[in-house]
Amino acid sequence: MTTDPTGQLSPDDAATTGVRFVLTLSCPDRAGIVQAVANALVEADCSITDSQQFSDAPSRRFFMRVAFVRECGPIARDSLESVISRHVDGFGMSWQLYDAADRHRIVVMVSKQGHCLSDLLFRVHSGLLPVDIVAVVSNHPDFEELTRWYGIPFHHVPVTRETKPHAENELREIIARYSADTVVLARYMQVLSNELCRELEGRAINIHHSLLPSFKGARPYYQAYDRGVKVIGATAHYVTADLDEGPIIEQDFVRVDHTRDPGELAAMGRDNEALALARAVKWHAERRVLLFGNRTIVFT
């Protein structure tokens, strides 16, 4: 195990299973939660590298994300889970332990607007986004060449009203084949069935072309133009059966004035969409997003 002068693990060690972990948790708020977690990590010879917590006063619920490292050598995940479980038993806690060496695997879905797909592909290729895009799925063939240029499998899955159940079954097979953790709808212009939304609860992210809840439906930038808006934006949220009403992860916006026509608003909006989606995917992959009913707690 090697570290640099700042105490950071070497790149090789950082990718070793059983060395770096992230723990997320939520439970009724009470005294002693942080101490219990810290005691567990001390017993396991782990050092905390980042810790964030939030107490929601109205619900009296506590949320926490802890990143930590075991510098003395790898530890089996089940052994670490056993130590943590022993210390947090009795807090009524819902918690998840993640090995940071496990790269998050995503399937990206797109239709005929490729700005978000292109942005994600570039960020992953450049090492700016800590995920692996394992496949791209589209109901149109437009971005097959772009996707394959990055060395990623492309699946053309046409969708009509009659073939939608078959197309969704094919999507399920693709998700299973590539062991995908998350599905990202990067301007995929098909509504997923309620059944599929339930199956993907908490692991499907969509980008919406406005600040929700506002200007739903077709031609949102023309609606914004007609209303003389001064801010336009984009919303990245989890997919639910309630269309465009899932828990919001991230929003981005830009100020505009009366000189902007609908085409300019749309161009500016595309940048917002790409940025908001990239941040949402990054935070989700880094286990920084905790679901709380129809809300999210985001530790950035």
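This report describes the nonpolar cores and the annotated active-site residue of a predicted model.

## Basis of the model

Local features require pLDDT of at least 70 and side-chain atom pairs pLDDT 80 or more, while totals for chains, interfaces and linings use all residues. Residues are numbered from 1 along each chain as its sequence is written, and side-chain values use heavy atoms, without hydrogens and water.

## Nonpolar cores

The largest nonpolar core (buried Ala, Val, Leu, Ile, Met, Phe, Trp, Tyr and Cys residues joined through side-chain atoms within 4.5 Å; buried means under 20% relative accessible area with a 1.4 Å probe, protein chains only) has 30 residues. Those touching the most other members are Val 108, Leu 120, Ile 133, Val 136, Leu 277 and Val 281. At least two residues each come from β5 (104–110), α4 (115–125), β6 (131–138), β9 (204–208), β10 (231–238) and α9 (262–285); α9 gives the most, six. Helices (H or I, at least four residues) and strands (E, at least two) are DSSP runs numbered from the N terminus.

Beyond its neighbours within four places in sequence, Val 281 is in contact (heavy atoms within 4.5 Å) with Ile 106, Leu 120, Leu 129, Val 131, Val 184 and Ile 205. A second, separate core of 23 residues includes Phe 21, Leu 41, Met 64 and Leu 80.

## Asp 244

An unreviewed UniProt entry annotates Asp 244 as "active site"; such annotations may be inferred rather than shown by experiment. Asp 244 lies in the loop between β10 and β11 (248–255) and is buried, at 16% relative accessible area.

Apart from neighbours within four places in sequence, Asp 244 contacts Asn 206, His 208, Leu 212 and His 237. The side chains of Asp 244 and His 208 make a polar contact (3.3 Å), that is, a pair of N or O atoms within 3.5 Å, one able to donate a hydrogen and the other to accept it.

Notes
Buried < 20%, exposed > 50% of the residue type's maximum accessible area, 1.4 Å probe, protein only.
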